[in-house]
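Student: I would like to learn how to read a helix and a core in a protein model. Could you take me through an example?

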Amino acid sequence: MTLLGAGFGISRATAYRYRDEGIAVLAAQAQDLHAALRRVADDGWSHVILDGKLFDCDRLTETTLSVKGETIDAWYSGKHRDFGANIQAIIRPDGLPIWTSAAMPGHLHDTSCARELGVTATLSLSA
């Protein structure tokens with residue numbers, strides 16, 4: 001953010017504020033999952049791609065219980081050996097993302113995130 005602010009000639013604090021305001025504006029305009037899938041169907045696409053990605057983040061203090069009943073860091077991904085947020089996306093076959101989820105804790109697998117967000121059920125109903 002420091003480099004971004006310097007590039008535009010604004011302070012780091014202002015760059016953070018503008019980033020947060022920009023995200024809020026984009027989020028308010030985003031379609032919900034059902035509307036996005038209706039639009040894809042109306043546009044004649046035969047299928048969509050569901051994929052998840054772990055985005056790096058700082059360590060958070062939130063803990064949760066593992067499937068084995070042990071206390072773990074909720075945002076730590078053992079697969080990636082790093083802290084992160086799991087974001088799910090539905091993408092058209094030409095690569096354009098049409099929907100993204102809220103950030104989920106990094107310890108969750110893509111399939112668990114999709115199930116918890118209701119994505120798998122919605123895709124099944126849309127078929």
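Tutor: We shall go through one helix, then a core, and then a loop residue. This is a predicted model, in which local features need pLDDT of at least 70 and side-chain atom pairs count only at pLDDT 80 or more, while totals for chains, interfaces and linings use all residues. Residues are numbered from 1 along each chain as its sequence is written, and side-chain values use heavy atoms, with hydrogens and water left out.

Student: Which residues of α3 are buried?

Tutor: Helices are DSSP runs of H or I with at least four residues, and strands are E runs of at least two, numbered from the N terminus; buried means under 20% relative accessible area and exposed over 50%, with a 1.4 Å probe and protein chains only. In α3, the buried residues are Leu 33, Ala 36, Leu 37 and Val 40.

Student: Why do they lie on the same side of α3?

Tutor: An α-helix has 3.6 residues a turn, so residues three or four places apart point the same way. Here they cover an arc of only 95° around the axis, taken from the directions from the helix axis to the C-beta atoms. The face turned away from this buried side carries the exposed Arg 38 and Asp 42.

Student: Where is Ser 101, and is Ser 101 buried or exposed?

Tutor: Ser 101 sits in the loop between β6 (97-100) and β7 (104-105), and Ser 101 counts as buried because its relative accessibility is 9%.

Student: What does Val 40 touch?

Tutor: Contact means heavy atoms within 4.5 Å, and, not counting residues up to four places away in sequence, Val 40 touches Trp 45, Val 48, Arg 92 and Ile 98.
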